[in-house]
Each structure stands twice: as C-alpha cells, then as structure tokens.
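I opened this notebook to record what I looked up in one structure. The entries follow the order in which I took up each topic.

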Amino acid sequence: MTATWLRRCVEDEHHFLTELWRTRPAVLRPTDPPVEAVTYAEIEQRLEDGLLKVPYIGLVQRDAHLPTERFCRPRVVLGEVFADYADAFQVRALIRDEDATVLLRYVDQWHQGARELARGLGAELGRQVEAFFFRTPPGTQGRPVHRDDADVLAVQLTGSKRWLVHGGPADGHWVPDREDGDPGDVLLDTVLQPGEVLYIPRGFAHSATAVGDEPSTHLSLTIREAATANLYAFAQAVLADTSYLPGRPLDDPALQAAADDLLSHARLTLDSLTPEDLVACTREAMRQSA
C-alpha cells in the first residue's frame, strides 16, 4: 500500500490527529520521510539559472531581512527594466561572509516536488498547505522567536537544527509575529536530525538554530487554518450574487422591491448555512486558492 503524504510526515496518523494536533509539539520519526521533495542542489541550480526573484527568495538574519538590493540585480528585457532577480554570486557572498539564512517562500508554487507534497497533504487534511525552505549556516539563528498562523511540520533535510518550542497564545486575539515579550516556558527543546519531523501547533512560539559543522536545511510545511476574516470573506462571497435583480431600478417602488428581495435572499441563504458548512467551505476555498 502506498503511504499517504501525512503518514510520510507523521508515521502514525491516528496518534497525530487525536493526541498531538493543536495540543502539543512533538518530534516525529516517520519511516519514509519526504526528504526527496526538495534538495539544496536543486535550489542552487535554480539560483544559478537566474530566475529566482523576490518575494520567492529572501535572505534573513536573526533580527532582520536583508535589503533586496544587497542580493538582487535589475535586468533589461526588451528594453524594460525588471528588478528583484536574485544574483547567485551576491547570495553566496552573503551566506559565506555574513551567515545569512536563505528563505525560499511558497516553494510549492514553483517547484514540482514541493507542489506534489503540499497539495497531497492539503487534500488529506482538508486545509491549505504551503511550503517554505530554509538553509541556515552553522551556529546561526535564522529568525527570532515568533508565532506562525499555521500548524507547522518541519522536515529536516540536511544538517541539524536545535528547536525551542514554547506554549500557544492565551486567546484568539493573538497576532502571528515576532514574540518580543516572554514566550513562556519551553515545552520542547530538541535537536532535529535528517529525516525527522517537528510538529509545532498553530500559534506556539518557537525558534531554531543550526548546530554542528554543516549548514542546516529544512522544509516547513505550513498548514493554514481559517481565521475570522476568511469566514467573513466567504460569507460575503456567498451573498454577493445579485444577478437575479435589475441592475438599476427605475423608481422608488422598484428600488424598495429590490432591497426587499435582496434582504430576503440574504436571510434565506444565511439560514441555510450552518457554522459547520461555513468552516468547511472556507477551508476548501482556501485550499483551492493555493
């Protein structure tokens, strides 16, 4: 039997979904981790080809994103200037001389292996899944302690990385961002080895530092959840169909009648839409948009 994408990431799907999901961080050791989905050799080739550009590529240090002009050069194509294409020589110099971390965003949008993994995992979980690639020099921390608006499965590809995971936010009013205050007690302190997967529940504060003598590469699979704004946007979209009404009623009675029809339609639509339907449809709309 072919392993599902989720099983390749977590090994025991039932245990993951019933004991870990949204509850606590954990190190997972699947027998067939998807480490082949993206390799740094492929990334270096894409960089050498010269088609990687911002915002798909970024260089970061612990406290800041490096300005794009430090690693990008403009190009002239058919007499028009195009900016923000990454220059391989400048990128390598910043990695070598300033210990910059390479961050590749939305790898699933431009890399076939990452796309198959993200879409397969998303279909199994019924969520939008995106892929981000990190290459961190030895002894450096790519990003400060922060909270992500997603559950994360971090697949260690090469090298080793020490992760510190703290607790989740206190309530639903939190913001996914850098955690400048006290992130709370450390729930998990672990060094991830190639082939291991770290699960971080949505909103749990965390940081990572490459350890050992070689660079660390990992693929972060971010499993997005609907927020209140997503629910509201889908509800608006459901109510937006006014094609059954005249575009420009000719007089006041006709305008009042159109308003009455519109309100009646909205009430009927909302009455037939359960909270479960709204959540499920919003999740599916997000997944299809990926």
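**Entry 1. Charges over a ring.** I began with Arg75, whose charged end sits over the ring of Tyr85, 4.5 Å from its centre. I note that the model is a predicted one. I then looked up Lys53 and found that its charged end also sits over the ring of Tyr85, 5.3 Å from the centre.

**Entry 2. A surface patch.** Which residues form a nonpolar patch on the surface? I recorded Val77, Leu78 and Phe82, which together have about 330 Å² of accessible area. I placed Val77 in strand β4, which covers residues 72-77. Its relative accessibility is 43%, so I entered Val77 as partly exposed, given that this class lies between the 20% and 50% limits.

**Entry 3. Aromatic pairs.** How many aromatic pairs does the structure hold? I noted six. For Phe16 and Tyr199, I read a distance of 4.9 Å between ring centres and an angle of 80° between planes; the pair is therefore edge-to-face, since planes over 60 degrees apart fall in that class. This pair joins distant parts of the chain: Phe16 lies in helix α2 (residues 13-20) and Tyr199 in strand β11 (residues 197-200), 183 residues apart. I asked whether Phe16 is buried or exposed. With 1% relative accessibility, Phe16 counts as buried. Tyr199 is likewise entered as buried, at 0%.

I turned next to Tyr106 and Phe132. Their ring centres are 5.0 Å apart and their planes stand at 55°, so I recorded the pair as tilted. It too links distant parts of the chain, 26 residues apart: Tyr106 is in the loop between β6 (101-104) and α5 (112-125), and Phe132 is in strand β7 (residues 128-136). I found Tyr106 to be partly exposed, because its relative accessible area is 29%. Phe132, at 11% relative accessibility, counts as buried.

I also noted a cluster in which ring pairs link Phe16, Trp21 and Tyr199.

**Entry 4. Leu239 and its contacts.** I located Leu239 in helix α6, residues 228-239. At 27% relative accessibility, I classed Leu239 as partly exposed. Which residues does Leu239 contact, leaving aside neighbours within four places in sequence? I listed Ala266, Thr269 and Leu270. I also looked up Leu263, which lies 24 residues from Leu239 along the chain; the C-alpha atoms of the two are separated by 9.9 Å.

Note on methods
Residues numbered from 1 in each chain as written. Predicted model: local features only at pLDDT ≥ 70, side-chain atom pairs only at ≥ 80, totals over all residues. Heavy atoms only, no water. Patch = residues over 30% accessible without salt bridge, like charges linked within 9 Å, V, L, I, M, F, W, Y side chains within 5 Å. Areas by Shrake-Rupley, 256 points an atom, 1.4 Å probe, with all protein chains shown as cover. Salt bridge = Lys/Arg side-chain N within 4 Å of Asp/Glu carboxyl O. Helix = DSSP H or I, 4+ residues; strand = E, 2+ residues; numbered from the N terminus. Buried < 20%, exposed > 50% of the residue type's maximum accessible area, 1.4 Å probe, protein only. Phe/Tyr/Trp six-rings, centres within 6.5 Å; stacked < 30°, edge-to-face > 60°. Lys NZ or Arg CZ within 6 Å of the ring centre and 35° of its normal. Contact = heavy atoms within 4.5 Å.
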